[in-house]
Amino acid sequence: MEQRVTRLGTNGLPEAFQQVDLAALAAREGTPLYVYAAPAIRERVRGLREALAGLDAGIRYAVKANGNGAVLRLLAEEGAGADIVSGGELQRALRAGIAAADIVFSGVGKSDAEIALALEVGIGRFNIESRAELDAIQRIAAARGDRAVASVRINPDVDAQTHAKISTGKAENKFGVSIDEARAWFAAKAQWPDVQLDGLHMHIGSQLLSLDPVREALARMAAFWKELDAAGHAIASIDVGGGLGVRYREGEHAPDAREYADAIARALAGFRGRILVEPGRWLVAEAGLVLTRAMLEKHGEQRSFLVLDAAMNDLLRPSLYDAWHDIVRIGGADGRDATTYDVVGPVCETGDTFATGRTLPRCEAGDLVAILGAGAYAASMGSTYNSRPLPAEVMVDGARYAVVRRRQSLEEMLGGEQPATDWKTP
Ligand code: LLP
């Protein structure tokens with residue numbers, strides 16, 4: 001399937017950003033600025049829906065990728081539900097108009113308060129990751145006179161072939177339980193009478209550029225579903241998780257939605273329950289960029305640095321995972337010489353580096369630069385490190401834009417702090 005609006009134009013920017021005047025936008029809203037293109041998000045979610053059309057499948061968008069309310073609302077309008085991992089994400093999803101029944105709750109550590117809230121609002125399903133959690137959900141549901149619907153998150157022990165820090169499906173990882181443990185839960189499910197244990201879940205990792213590990217994990221899950229079915233445990237839901245990778249680097253090949261849907265359809269042929277998918281990155285990453293201004297050029301003894309006004313606290317991925325993000329000078333080469341820079345932010349850490357040895361048209365102070373692929377795991381992983389207020393977020397649609405989160409003010413950043421004058425004994 002051709003992804004039209006995230007295809008890069010001759011100026012290096014995705015199609016979805018071509019109509020908006022990014023220089024005027026930066027002048028009006030300041031930098032650094034997260035910019036999300038609504039048409040690109042719409043195209044992705046529709047593309048995935050179409051690819052899954054032959055299956056009884058639902059999309060549960062992983063809110064952690066980008067929890068901005070406007071992004072969630074857009075996805076909700078296109079029929080997506082949500083995969084959440086905290087009470088905060090639950091509230092975000094509900095506020096964006098996502099029906100509680102279309103929400104699944106994942107994560108290795110759910111607090112009693114979060115479990116109770118999820119039951120109270122009537123979420124669709126818990127993805128349970130440990131025996132302790134299963135016991136807690138039973139206890140809380142019983143006390144409320146409620147019944148929880150749940151899936152077991154299986155750890156299929158496959159290598160997702162991605163960065164170690166975002167690989168989740170190996171036996172040594174903290175996520176999910178072994179098939180042996182899950183089998184024992186099903187055999188003993190009468191012990192948890194207020195938990196309707198009738199689903200399987202997996203999520204083997206993120207930014208998967210090959211579908212082979214997905215196929216392998218799906219095969220293990222499918223064999224287990226058939227085994228459970230034969231043992232009289234009807235399985236109503238199979239959640240295949242998220243993880244579909246995107247193209248961060250021009251020329252990189254990422255799997256497309258049809259190949260992915262095809263892998264799911266083949267592995268789960270004959271399954272008559274509901275299939276859930278939990279993509280985060282694939283729906284939003286390429287629909288976003290960080291618009292940032294060059295502060296200065298610095299020529300060191302060994303390297304040339306381009307210092308931007310965005311930093312690791314606005315986009316942590318390069319520091320945390322050595323991730324590549326394409327970087328584009330707005331305005332193109334404009335007759336400038338190609339220059340090789342270490343592209344960095346102003347934060348006081350060597351790790352505050354977006355790219356090493358990257359060749360760009362020579363940039364001067366004040367030039368605008370876009371860091372691509374910043375629609376996922378950028379703002380959502382942001383912090384105020386170095387006391388830098390959170391940037392604004394805007395959504396563009398054609399030539400128009402709307403501020404979807406205003407820039408954090410100094411007062412907001414400092415709000416809640418107070419001098420140690422009110423001493424108490426706990
Ligand atoms: N479902 C579960 C249970 C997850 O833990 C995740 C992501 C997803 C779905 C969505 O995965 P996606 O489709 O976005 O790959 N901060 C890292 C990514 C961490 C992903 C954590 N879990 C990064 O910037 O690459």
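1. Let's start at the ligand, where Gly280 makes a backbone contact: one of its backbone N or O atoms lies 2.9 Å from an oxygen atom of the ligand. Please keep in mind that this is a predicted model.

2. Two side chains also reach the ligand. In Arg317, a side-chain N or O atom is 2.6 Å from a ligand oxygen atom. Glu278 approaches a different kind of atom, with a polar side-chain atom 2.6 Å from a nitrogen of the ligand. If you set up a pose comparison, here are the three pairs again: Gly280 backbone to oxygen, Arg317 side chain to oxygen, and Glu278 side chain to nitrogen.

3. How much of the ligand's accessible area does the protein cover? On its own the ligand has 590 Å² of accessible area, and the protein covers 91% of that.

4. Now for the surroundings. There are 19 residues around the ligand, and those that come nearest are Ser206, Glu278, Arg317, Tyr321 and Tyr377. As for the site itself, the space that the ligand takes is the largest pocket.

5. Turning to the fold, eight strands form a closed barrel in the order S2-S3-S4-S5-S6-S7-S8-S9, and their pairing is parallel. From one strand to the next, the twist averages 30 degrees.

6. One strand pair is worth a look on your screen. Strand S8 covers residues 237-239 and strand S9 covers residues 274-277; the two run parallel and are joined by three bridges. Which residue of S9 stands opposite Ile238? That partner is Ile275. As a reminder of the background, strands of a sheet pair through backbone hydrogen bonds, in either a parallel or an antiparallel manner.

Methods
Residues are numbered from 1 along each chain as its sequence is written. This is a predicted model: local features need pLDDT of at least 70, side-chain atom pairs count only at pLDDT 80 or more; totals for chains, interfaces and linings use all residues. Side-chain values use heavy atoms; hydrogens and water are left out. Two strands pair if DSSP finds at least two bridges between them. Helices (H or I, at least four residues) and strands (E, at least two) are DSSP runs, numbered from the N terminus. Axes are lines fitted to C-alpha atoms, for helices over the stretch in contact, and angles run from 0 to 180 degrees between N-to-C directions. A residue is near a molecule or strand if one of its heavy atoms lies within 4 Å of it. A polar contact is a pair of N or O atoms within 3.5 Å; within protein, one must be able to donate a hydrogen and the other to accept it, and residues adjacent in sequence count only if both atoms are side-chain atoms. Accessible areas come from the Shrake-Rupley method with a 1.4 Å probe; for residues, only the protein chains shown count as cover. On a 1 Å grid over the protein atoms alone, a cavity is a set of points where a 1.4 Å probe fits but cannot get out, and a pocket is an open set with protein on both sides within 12 Å along at least five of seven lines; lining residues have an atom within 4 Å of a point. A molecule sits in a cavity or pocket if more than half of its atoms lie within 2 Å of its grid points.
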